[in-house]
Amino acid sequence: MSLVKNLAPHLPYLRRYARALTGRQESGDAYIRASLEALVASPDKMDTEGDPRVALYRFFHVVWGSTGAQLEGGQEGGDAATARLRKLAPIQRQAFLLTSLEGFSRAEASYILGVTEGEQAELERAAIAEIEAELSTKVLVIEDEPIIAADLESLVEELGHEVTGNATTYTEAMAMVKSNPPGLILCDIQLADGSSGIDAANDILKEMDVPIIFITAFPERLLTGDRPEPTFLIPKPFQENTVKAAIGQALFFHPARETA
């Protein structure tokens, strides 16, 4: 029971990581289920001496290493995102996401992956180079805090993307989407006039197929397990590299890019 209690607070974030790693909620959750089943079957294989979050991610990667290889070798067919996934070295993507999206130190990430810190650094650099090679797109920022919005706009432009506008309310967001359709949306969930970024995102997705990254101080409102959850969710205060990682992954996996 103590093991379950120690790991439970970290499971929502491991689910987020698995989804970002695979690009889909269904496949990411499938790997989480496989990891938990393996943990129940062999609890003695979990490191219980160190940080439980680090131990959980390391255990997940043991399972990923034995089953995630299905995405790489010898498979024919599948969608274009899966084909791109097979071409991109997964170890590079894992190394980058662990430090940039999940916030692990380089030492922790290297332990999780079973590589040296030097190798971890090289893997991160290689992943960044591949992500930056992605085509630029138009980005709509839905954020009611001026300073945060300005930071996001600067970060987006630094990556080579174009910011189409900054919406602070549901109404503004819907109007901006119609006037200049974006290829990516960065969205807060609590907006200036009390309106909901979640409602805006849901209504936008009814009109167009666009990747949405939620950036919020209230991630627990979206990580409930009671309904479909966003693949890309970043808590505030955010780290720049975390947002960069999510943008790269969102654009990499989005169906609209499958003809690339």
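# Exercises on a predicted model

Aspartate 188 counts as buried, since its relative accessibility is 6%. The structure is a predicted model, and the exercises below start from this residue before moving outward to the rest of the chain.

## Exercise 1: The surroundings of aspartate 188

Work out where aspartate 188 is found, what it touches, and what a record says about it.

*Solution.* Begin with the position in the chain: aspartate 188 is found in the loop that runs between strand 3 (184–187) and helix 11 (197–207). Next, set aside the residues up to four places away in sequence, and the contacts of aspartate 188 are then Ile142, Glu143, Asp144, Gly197, Ile215, Thr216 and Lys236. Finally, turn to the record, where an unreviewed UniProt entry carries the annotation "modified residue: 4-aspartylphosphate" covering Asp188.

## Exercise 2: A charged pair beside aspartate 188

Glutamate 143 and lysine 236 form a salt bridge; find how far apart in sequence the partners lie, and decide whether they are buried or exposed.

*Solution.* Side chains of opposite charge can pair when their charged atoms come close. In the pair formed by glutamate 143 and lysine 236, the closest N and O atoms are 2.7 Å apart. The pair links distant parts of the chain, 93 residues apart, with glutamate 143 in the loop between strand 1 (138–142) and helix 9 (146–158) and lysine 236 in the loop between strand 5 (233–235) and helix 12 (240–253). Both glutamate 143 and lysine 236 are buried. As a last step, return to the contact list of aspartate 188, which includes Glu143 and Lys236.

## Exercise 3: Salt bridges between helices

Take the salt bridge of aspartate 29 with arginine 19 and that of arginine 106 with glutamate 124, and describe the elements and the burial of each pair.

*Solution.* For the pair of aspartate 29 and arginine 19, the closest N and O atoms are 2.9 Å apart. Aspartate 29 belongs to helix 3 (residues 25–41) and arginine 19 to helix 2 (residues 11–22), so this salt bridge ties together parts that are ten residues apart in sequence. Both aspartate 29 and arginine 19 are buried.

For arginine 106 and glutamate 124, the closest N and O atoms are 3.1 Å apart. This pair joins helix 7 (residues 106–113), which holds arginine 106, to helix 8 (residues 117–132), which holds glutamate 124, and the partners are 18 residues apart. To judge burial, use the cut-off of under 20% relative accessible area for a buried residue: glutamate 124 has 9% and is therefore buried, whereas arginine 106 has 36% and is partly exposed.

To place these pairs in context, note that a search of the whole structure finds nine salt bridges.

## Exercise 4: The strands around strand 3

Determine which strands pair with strand 3, and how its two faces are covered.

*Solution.* Strand 1 and strand 3 run parallel and are joined by four bridges, with valine 141 standing opposite leucine 186 of strand 3. Strand 4 (residues 212–216) also pairs with strand 3 in the parallel sense, over three bridges, and here cysteine 187 stands opposite phenylalanine 214. For the faces, recall that in a regular strand the side chains alternate between the two faces of the sheet. In strand 3, Leu184 and Leu186 lie on one side and Ile185 and Cys187 on the other, and all of them are buried.

## Exercise 5: The nonpolar cores

How many residues does the largest nonpolar core have, and which of them have the most contacts inside it?

*Solution.* The largest nonpolar core has 48 residues, and those with the most contacts inside it are Phe60, Leu186, Ile213 and Ile247. Helix 4 (residues 52–67) contributes the largest share of this core, namely eight residues. Phenylalanine 60, leaving aside neighbours within four places in sequence, is in contact with Leu14, Tyr17, Ala18, Leu21, Tyr31, Ile32 and Ser35. Another core, of 20 residues, lies apart from the largest one and has Leu140, Ala173, Ile198 and Met208 among its members.

## Exercise 6: The chain as a whole

Describe the make-up of the protein chain and its burial.

*Solution.* The protein chain has twelve helices and five strands, and buried residues make up 49% of its 260 residues. Among contacts between residues at least 6 apart in sequence, 69% join residues at least 24 apart. The chain exposes about 12,300 Å², of which carbon and sulfur atoms supply 52%.

Methods:
Residues numbered from 1 in each chain as written. Predicted model: local features only at pLDDT ≥ 70, side-chain atom pairs only at ≥ 80, totals over all residues. Heavy atoms only, no water. UniProt positions renumbered as here; feature names shortened; annotations may be inferred. Buried < 20%, exposed > 50% of the residue type's maximum accessible area, 1.4 Å probe, protein only. Contact = heavy atoms within 4.5 Å. Salt bridge = Lys/Arg side-chain N within 4 Å of Asp/Glu carboxyl O. Core = buried A, V, L, I, M, F, W, Y, C linked by side-chain atoms within 4.5 Å. Areas by Shrake-Rupley, 256 points an atom, 1.4 Å probe, with all protein chains shown as cover. Pairing = 2+ DSSP bridges.
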